[in-house]
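Q: I'm new to this one and would like to talk through its charged side chains. Could you take me through them slowly?

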Amino acid sequence: MLKQPHLQHSWFIFHFCDLGSSHFKLINLLTTVSKHSKSTFALKPINTEFYGIHIGNKLRNQWSFMRGSGAIIIPNESFNLRQKNSKLQASCFANMQLASDAFTLGTAAVLPFYTLMVAAPKSELTKKCMRSSIPYVLLGVLYSYLLYLSWTPDTFRLMFASKYWLPELPGVAKMFSNEMTLASAWIHLLVVDLYAARQVYQDGLENEIETRHSVSLCLLFCPIGILVHAITKALISTFRESKSEIH
């Protein structure tokens, strides 16, 4: 129920209306005071749920002697904050999904080339595919896009955190805590490993050296694959030289 705390002003005015003109000033003063008198009290807020998002408004009733009562709608500020948080969460989820898709796509893209180099190293199809630069161009474009998405104002500072402008492990570890940065680094490794595997493969064709084991190692352990290829090449060269001396 709405209270009307200023009804006593009206009673006071009508009570003194017959006292003469000496009281006009007092009556006018009371009338002026009543015009600016307000009584404010809260009504029950309006709340609802829309697709899982809380929406609410606060109602405040304001009563005046001259203007009567009126309701004022005060927007719920928490709705704007929750709306911003929902947009931020949606953006983070989209970035995580994109990073996951790029990780899977990059891994699947290089597997056919390793399969050809291991299963059919002397096939014309394998030789033609490994001479092509298209895989490196496509993966390079994907890497550049992921690097653009993962770049932040702190990226350069984290990469060269020391006073000598050299990378430091804590800064690099913090930088790779971002999934988008990690996905771009994975694509970077896939490109470098595939290029190294191609060099090993082509060197094996030129020198007639077995490279299947070395190429397989280049997929996940590229430095070890290069090392194994160098050892294999040295051993075969030594064996061939010794064999030619015997004859």
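Q: How accessible is Asp 154?
A: In this predicted model, Asp 154 has a relative accessible area of 38%, so it counts as partly exposed.

Q: Okay, and which residue does Asp 154 form a salt bridge with?
A: Its partner is Arg 157, and the closest N and O atoms of the two are 3.6 Å apart. Arg 157 is itself partly exposed, because its relative accessibility comes to 47%, which is not over the 50% that exposed requires.

Q: How many salt bridges are there?
A: The count comes to four, and another of them joins the side chains of Lys 233 and Asp 203, at 3.4 Å from N to O.

Q: Where do Lys 233 and Asp 203 sit?
A: This pair links distant parts of the chain, with Lys 233 in helix α10 (residues 222-246) and Asp 203 in helix α8 (residues 179-207), 30 residues apart.

Q: Is Asp 203 buried or exposed?
A: Asp 203 is buried, as its relative accessible area is 18% and the limit for buried is under 20%. Lys 233, on the other side of the pair, is partly exposed at 30%.

Q: Switching to helix α4, which residues there meet in a salt bridge?
A: Those are Lys 127 and Glu 124, whose side chains meet at 3.9 Å, N to O. Both lie in helix α4 (residues 124-131), three residues apart, which is about one turn of the helix.

Q: And what about their accessibility?
A: Glu 124 counts as exposed, with a relative accessibility of 55%, whereas Lys 127 is partly exposed at 24%.

Technical notes
Residues numbered from 1 in each chain as written. Predicted model: local features only at pLDDT ≥ 70, side-chain atom pairs only at ≥ 80, totals over all residues. Heavy atoms only, no water. Helix = DSSP H or I, 4+ residues; strand = E, 2+ residues; numbered from the N terminus. Buried < 20%, exposed > 50% of the residue type's maximum accessible area, 1.4 Å probe, protein only.
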